[in-house]
Amino acid sequence: ILSFDMKSKLQEKTLEKYKCLPCYFAKEVKTGFEVSIFINNKLILTGEYSSKKSGEKDLARKVLEKKLI
């Protein structure tokens, strides 16, 4: 699966399992952005990225690959 599709795939899985969408939050830090993903109001992962968009894609990929939901 391409990383472009990871956010969509994660949305499908969270809708199916929790009847909600994943939420992404980003705040600026010295190195770029600290991006976090919440599913069902629970923090799942956080990481630092050069852009919000790349962070969201990478976190979605990691959640799916590590089967965190």
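In this predicted model, K27 sits opposite E34, a residue of strand β2. The two belong to a pair of antiparallel strands, with β1 covering residues 23-29 and β2 covering residues 32-39, and seven bridges hold the pairing together on paper. Getting from β1 to β2 takes just a hairpin of two residues.

E34 is worth a closer look. With a relative accessible area of 25%, E34 counts as partly exposed, because that value falls between the 20% limit for buried and the 50% limit for exposed. Setting aside neighbours within four places in sequence, E34 touches F25, A26, K27 and V29, and also T46, G47 and E48. The first four of these contacts fall within the 23-29 stretch of β1, while T46, G47 and E48 fall within β3, residues 42-49. L15 is another matter: 19 residues away along the chain, its C-alpha atom is 25 Å from that of E34.

Zooming out, β1 and β2 are part of an open sheet of three strands, ordered β1-β2-β3 and paired antiparallel. β1 and β3 take the edges with a single partner strand each, so one side of each has no neighbour in the sheet. On average, neighbouring strands here are turned by 20° against each other, ignoring direction. As for what holds such strands side by side in general, strands of a sheet pair through backbone hydrogen bonds.

Then there are the helices. Helix α2, residues 52-65, lies across β1, β2 and β3, and runs at about 130° to β3. Helix α1 spans residues 3-18 and, like β2, β3 and α2, supplies at least two residues of the largest nonpolar core. That core has 14 residues in total, and those with the most contacts inside it are L10, I37, I39, I44, L45, L59 and V63. This fits a familiar pattern: in soluble globular proteins, nonpolar side chains tend to be buried together.

L45 gives a feel for how these pieces meet. Again leaving out neighbours within four places in sequence, L45 is in contact with V35, S36 and I37, as well as L59, K62, V63 and L68. Among these partners, I37, L59 and V63 also appear in the list of core residues with the most contacts.

Technical notes. Residues are numbered from 1 along each chain as its sequence is written. This is a predicted model: local features need pLDDT of at least 70, side-chain atom pairs count only at pLDDT 80 or more; totals for chains, interfaces and linings use all residues. Side-chain values use heavy atoms; hydrogens and water are left out. Two strands pair if DSSP finds at least two bridges between them. Helices (H or I, at least four residues) and strands (E, at least two) are DSSP runs, numbered from the N terminus. Buried means under 20% relative accessible area, exposed over 50%, partly exposed in between (1.4 Å probe, protein chains only). Contact means heavy atoms within 4.5 Å. Axes are lines fitted to C-alpha atoms, for helices over the stretch in contact, and angles run from 0 to 180 degrees between N-to-C directions. A nonpolar core is a set of buried Ala, Val, Leu, Ile, Met, Phe, Trp, Tyr and Cys residues joined through side-chain atoms within 4.5 Å.
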